[in-house]
Amino acid sequence: GVVKFGTCDWMVLERTDGKALLTKYMADNKHPYHDKSEKVTWESCALRKYLNGEFLEDGKFTLEELAMILTTNVENVANEEFGTDGGKNTQDKVFLMNEPEFAKYKKKLKAKAKTMRLRTPGKDASATTYVSALGDIITYGFPVDENGACIRPTMWVNLK
């Protein structure tokens, strides 16, 4: 289903133990993964800084809603096909899905997955994997500094 949280609509991907995994219903194409063309992992990319900073602080959410957003252990896996290192695991409130997470929720995302950027690195770390318009994971990736692969901010929210 779709829920209103803050000023945005979110898709509910999973509910478990009094919490829900939400992903933004309308994708954002204004923020690339990183601000320059270089090898970068989720840990040090500009998008992570934006999503866990300005995105949360720009008035989209009330103080009560902000308090409901959980800090999540974000696992940064290697690219399965090319073996590109995903970097260190991080602790984040907002993140992009990685390949295994996308695979788990692909059926729920359906058409919403099109051209969605994932945080798993591409053939090398100057690109990230993404989901094509046909819904397939493209493992060689999309350049980190280019718009065109949409971002879909994702977060765990406490429902208690």
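1. A cavity is taken here as a set of grid points where a 1.4 Å probe fits but cannot get out. With that in mind, and remembering that this is a predicted model, a search of the whole structure finds one cavity of 30 Å³ or more. About 40 Å³ of space lies in this largest cavity.

2. The lining of the largest cavity is made up of Tyr 33, Val 40, Thr 41, Trp 42, Asp 85, Gly 86, Arg 119, Pro 121, Ala 127 and Thr 128. The elements that contribute two or more residues to this lining are β6 (117–121) and β7 (127–131). Sorted by class, the lining of the largest cavity has five nonpolar, three polar and two charged residues.

3. Strands β6 and β7 also belong to an open sheet of three strands, whose order is β6-β7-β8 and whose pairing is antiparallel. The edge strands of this sheet are β6 and β8 (137–143), each of which pairs on one side only. Averaged over the sheet and with direction ignored, neighbouring strands are turned by 45° against each other.

4. Looking at the pairing strand by strand, β6 and β7 run antiparallel and are joined by two bridges, and Arg 117 has Tyr 130 in β7 as its bridge partner. Helix α4 (residues 99–109) packs on the sheet and touches β6, β7 and β8, while its direction makes about 140° with that of β6.

5. On the other side of the sheet order, β7 and β8 pair in the antiparallel sense over four bridges. Thr 128, which was listed above among the residues lining the largest cavity, stands opposite Phe 142 in β8. The hairpin of β7 and β8 has five residues between the strands, and in this hairpin Gly 135 takes a positive phi near 90°.

6. A separate point concerns the aromatic rings, for which the count comes to seven aromatic pairs when ring centres within 6.5 Å are accepted. In one of these pairs, the rings of Phe 5 and Phe 61 have their centres 5.5 Å apart and their planes at 45°, so the pair is classed as tilted. Phe 5 lies in strand β1 (residues 2–5), whereas Phe 61 lies in the loop between α2 (54–57) and α3 (63–68), so the pair ties together parts that are 56 residues apart in sequence.

Terms used:
Residues numbered from 1 in each chain as written. Predicted model: local features only at pLDDT ≥ 70, side-chain atom pairs only at ≥ 80, totals over all residues. Heavy atoms only, no water. 1 Å grid on protein atoms, 1.4 Å probe; cavity = no way out; pocket = protein on both sides within 12 Å on 5 of 7 lines; lining within 4 Å. Points joined across faces, edges and corners; volume = space filled by probe spheres on them. Nonpolar A, V, L, I, M, F, W, Y, C, P; charged D, E, K, R; others polar. Pairing = 2+ DSSP bridges. Axes fitted to C-alpha atoms, helices over the stretch in contact; angles between N-to-C directions. Contact = heavy atoms within 4.5 Å. Phe/Tyr/Trp six-rings, centres within 6.5 Å; stacked < 30°, edge-to-face > 60°.
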